[in-house]
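Welcome! Here are some short exercises to work through with the structure in view. Try each task yourself before you read its solution.

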Amino acid sequence: MQYSEWEPHYREILEYFGFDRAGDEEAARILASLLDRDNLISLVTITDGNEVTVCGNAPCLKQDLAAVHGVVFAADAAAEVLDDAGILPDAVFTDLDGATDRLIEMNRQGTIVVVHAHGDNIPLLKHWVPRFPGRIVGTTQAAPLPHVHNFGGFTDGDRAAFAAHELGAARITLAGFDLDDTDVDPLKRGKLFWARKLLALIGITA
């Protein structure tokens, strides 16, 4: 999805949540300054023409593990659930709010870490990004910068699905998504609402 197509949805999201665009843009600039490499080609290579399972971190992920196949994209802390089950994600999409040292080890073992910058995670970017030893890709929900990409999407899970779609996945399957979960706070409920709305833009029903 071109940024010109994405931006109207982004503006709606900012208005819906009352988020600060300037904060997102500043975070993207900081992420760009922290990155000394851009492994987008590696992410394209594992995605283009392949089946991708995008794993969210809903409690149902443990029950969905049997359906996980092909290239595996994990949303943030879903990576640890997969790793516990002996599945090393091919890529983890994260704004780092669920990051632990295990993500560093997965990155060392070959998992591509797709780090997302937004206005609320600048301290996390500064703490974690320099510590990743392996392949890394930067993303933003604001205007893209050199080496900081915008594939579309908002939460870690739907952003992973948008990346799979944008980078040429032959098929996208979801696991560990529960967009009808009512046992969440109002902010999370809003994010689930937007996840469903945005996934529909790329033909995914969840």
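**Exercise 1. Strand neighbours**

How many bridges join β4 to strand β5 (residues 136-140), and do they run parallel or antiparallel?

*Solution.* Before we start, note that this is a predicted model, in which local features need pLDDT of at least 70 and side-chain atom pairs count only at pLDDT 80 or more, while totals for chains, interfaces and linings use all residues. Residues are numbered from 1 along each chain as its sequence is written, and side-chain values use heavy atoms, with hydrogens and water left out.

Step 1: Five bridges join β4 to β5, and the two strands run parallel. Strands here are DSSP runs of E with at least two residues, helices are runs of H or I with at least four, and both are numbered from the N terminus. Two strands pair if DSSP finds at least two bridges between them.

Step 2: Find a facing pair: Val115 stands opposite Gly138 in β5.

Step 3: Follow the chain from β4 through helix α7 (residues 122-128) to β5, and you trace a right-handed β-α-β crossover. Right-handed means that, with the strands pointing away from the viewer, the path from the first strand over the helix to the second runs clockwise.

Step 4: Turn to β3, which is joined to β4 by four bridges and runs parallel to it. Here Val92 stands opposite Val113 in β4. β3, α6 and β4 also make a right-handed β-α-β unit.

**Exercise 2. Inside or outside?**

Decide whether strand β4 (residues 112-117) is enclosed or open.

*Solution.* Step 1: Recall the cut-offs: buried means under 20% relative accessible area, exposed over 50%, and partly exposed in between (1.4 Å probe, protein chains only).

Step 2: Six of the six residues of β4 are buried, so the strand is largely enclosed by the rest of the structure.

Step 3: Sort the side chains. Ile112, Val114 and His116 point one way, Val113, Val115 and Ala117 point the other way, and all are buried.

**Exercise 3. Two residues to compare**

Describe the surroundings of Arg159 and of Asp38.

*Solution.* Step 1: Arg159 lies in helix α8, and it counts as buried because its relative accessibility is 4%.

Step 2: List contacts (heavy atoms within 4.5 Å). Leaving aside neighbours within four places in sequence, the partners of Arg159 include Phe93, Asp95, His116 and Phe154.

Step 3: Asp38 sits in the loop between α2 and α3 (40-47). With a relative accessible area of 24%, Asp38 is partly exposed.

Step 4: Not counting residues up to four places away in sequence, Asp38 touches Ile136, Val137, His147 and His149. Asp38 and Ile136 are 98 residues apart in sequence, yet 6.3 Å apart in space, C-alpha to C-alpha.

**Exercise 4. Empty space**

Which helix gives the most residues to the lining of the largest cavity?

*Solution.* Step 1: Learn the term. On a 1 Å grid over the protein atoms alone, a cavity is a set of points where a 1.4 Å probe fits but cannot get out, and lining residues have an atom within 4 Å of a point. Grid points are joined across faces, edges and corners, and a volume is the space filled by probe spheres set on the points.

Step 2: The largest cavity has a volume of about 60 Å³.

Step 3: α5 (78-84), β3 (91-94) and α6 (101-109) each supply at least two lining residues. The answer is α6, with three residues.

Technical notes. 1 Å grid on protein atoms, 1.4 Å probe; cavity = no way out; pocket = protein on both sides within 12 Å on 5 of 7 lines; lining within 4 Å.
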